[in-house]
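Trainee: I'm new to this one and would like a close look at a single part, chosen by you. Could you walk me through it slowly, and then show me what surrounds it?

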Amino acid sequence: MSEEPIVSARPVAVVPLAPVAPIRADERIMVVDVLRGFALFGILLVNMAFFTSPVYIVMLETPWWTAPADRIAETGIRWLAEGKFYVLFSFLFGLGMALQMGRVEARGGRFVRLYVRRLCVLLGIGLCHALLLWYGDILTLYACLGFPLLLFRRRTDRTLLWWASLVYCVPVAIVGVLCGLVALAGLDPKGAAEVQQQMADNAAAMLAAAQRSVAVYQNGSFADIFRHRLENHAALLWDLPFIMPVIFTMFLLGSYCGRRGLPRTIADHPLALRRLVAWGLPLGLLLNAVYAYVLSTGRHAHPDAVLFVATAMHALGTPLLSGGYAAVIVLLVQRASWRRRLEPLAAVGRMALTNYLLQTLICTTLCYGYGFRLFGRIGPAWGVVLTIAVYALQVPLSVWWLERFRFGPAEWIWRSLTYWKWQPLSLVQAGLPPPTQGLLG
């Protein structure tokens, strides 16, 4: 996923990679960048709800937004986007780890030392993002889970797949246990009454917290928002057992595919890609439709058999739908006309860290009290419009920037700190072609 300069055992100037000459190889690198850029759009689409609305509303039984357009948009995002794009992004992270390891070690470099520094810098960027800008940061999780991923770099392919299958089942198992405990408590009338009372108390607490979030984010100072952001981080700790296993599973699967040279061979298997589109997309859409419908009825606030089934269908349908999206992109890139249309997305992907942070800067400035105070005033329908507008700005901006510079601003800082040497940023200064590398790879 990344075309990284290689470092020897002692500090030296970074040696740039030669540009890829064969057209097909260039297309395959472009595919990875396009997928990364495409994933950024989906990530923003899902994240927009948390930029504009309290995080606590996801635990409410009654809908926060009641207008028909908002209800349709909210359900549509759950159906088509929720979970699908960070899964793809996580897969690309693992893919990049495997590809980078192969390149570094083939040239005699010390991969672990380089990668640990890379992860530490990413962790620092993520912590700054999480504490100073937005509670929904994903970079810290990527950095933290990147360390245990190193333990699998020498494992067999079979071991990677076995662990991926095991870890991916953890969230569904947790939901199953919770639903089972609630069901057991419900067998006793006193226990059932206590469960109902606890759910009612939780709903009241979540509603009060949501109302407080609107007041703080809409009208508070930066200091007020900072303090409340810490509360949001604490509230989101419950989500870690559900999201971390999914991310790490995709890391493992991406690493497995990277070992097998997926970027260099994927275009040689059009039949497999077409089958993924023909079967993965419809089945993924069906399974996720059930999940979206159940959540739209408010059943996510009730740990029961219906919620368990919906969660299991989401777990099965998400990688199918995400893989179907990716297969469509890969097939389209093989066509010259579509390759030209999709090429701008590659620029977004090549500076994806910058674009991810830029999305936060734009959206928090629009929504928070130190900006335009739109928090709590923009529902899911307008959130879709805002997502399209922000992404439409990022595409030409990314193309313009990479016509002049080697990296995005955040990527430049990341690489410079990783190699302990300021990297040439301007293409004119470096005398190099644009790099084919992007976020987390």
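Mentor: Let's start with E343, which is partly exposed, with a relative accessible area of 46%. That label fits because the value falls between the 20% cut-off for buried and the 50% cut-off for exposed. Keep in mind that you're looking at a predicted model. You'll find E343 in helix α14, which runs over residues 336-350. Now look for G37: its C-alpha atom and that of E343 are separated by 9.8 Å, although the two positions lie 306 residues apart along the chain.

Zooming out for a moment, the protein chain has 18 helices and 0 strands. Of its 441 residues, 50% are buried. Take the contacts with a separation of 6 or more: 82% of them come from residues 24 or more positions apart.

For a buried part, go to helix α5, residues 139-149. Here 8 of the 11 residues are buried, so α5 is largely enclosed by the rest of the structure. The buried ones are L139, T140, L141, Y142, A143, L145, G146 and L149. Their cover includes α3 (84-106), α4 (111-132), α10 and α15 (352-367).

Stay with Y142 a little longer. Its relative accessibility is 1%, so Y142 counts as buried. There are 23 aromatic pairs in the structure, and one of them joins Y142 to F251 in an edge-to-face arrangement, 5.5 Å centre to centre with 90° between the planes. This pair links distant parts of the chain, since Y142 sits in α5 and F251 in α10, 109 residues apart. F251 is buried too, at a relative accessible area of 0%. Both rings belong to one aromatic cluster, made up of F93, Y142, F152, W162, W163, F248 and F251.

Follow α10 on to another neighbour. Helix α10 (residues 240-259) packs with helix α7 (residues 170-186) at an angle of about 155°, and their axes are 8 Å apart. That angle is over 145°, which makes the two helices roughly antiparallel to each other. On the α7 side, V170, P171, I174 and V175 make the contact, while α10 brings P241, F242, P245 and V246. Sorted by class, that contact has 8 nonpolar residues, with no polar and no charged ones.

Next, T318 in helix α13 (residues 305-333). At a relative accessible area of 3%, T318 is buried. Its side chain reaches the backbone oxygen of H314 at 2.8 Å. If you set aside neighbours within four places in sequence, T318 is in contact with E82, G83, K84, V87, Y168 and N288.

Finally, two spots in loops. Most residues other than glycine have a negative phi. R373 isn't a glycine, yet has a positive phi of about 60°. R373 lies in the loop between α15 and α16 (380-402), and is partly exposed, with a relative accessible area of 38%. W420 isn't a glycine either, and has a positive phi of about 55°. Look for W420 in the loop between α17 (409-419) and α18 (427-430). W420 is exposed, with a relative accessible area of 69%.

Conventions:
Residues are numbered from 1 along each chain as its sequence is written. This is a predicted model: local features need pLDDT of at least 70, side-chain atom pairs count only at pLDDT 80 or more; totals for chains, interfaces and linings use all residues. Side-chain values use heavy atoms; hydrogens and water are left out. Axes are lines fitted to C-alpha atoms, for helices over the stretch in contact, and angles run from 0 to 180 degrees between N-to-C directions. Helices (H or I, at least four residues) and strands (E, at least two) are DSSP runs, numbered from the N terminus. Angles under 35 degrees count as roughly parallel, over 145 as roughly antiparallel, 65 to 115 as roughly perpendicular and the rest as oblique. Contact means heavy atoms within 4.5 Å. Ala, Val, Leu, Ile, Met, Phe, Trp, Tyr, Cys and Pro count as nonpolar, Asp, Glu, Lys and Arg as charged, and the others, Gly among them, as polar. Buried means under 20% relative accessible area, exposed over 50%, partly exposed in between (1.4 Å probe, protein chains only). A polar contact is a pair of N or O atoms within 3.5 Å; within protein, one must be able to donate a hydrogen and the other to accept it, and residues adjacent in sequence count only if both atoms are side-chain atoms. Rings of Phe, Tyr and Trp (its six-membered ring) pair if their centres lie within 6.5 Å; planes under 30 degrees apart count as stacked, over 60 as edge-to-face and the rest as tilted.
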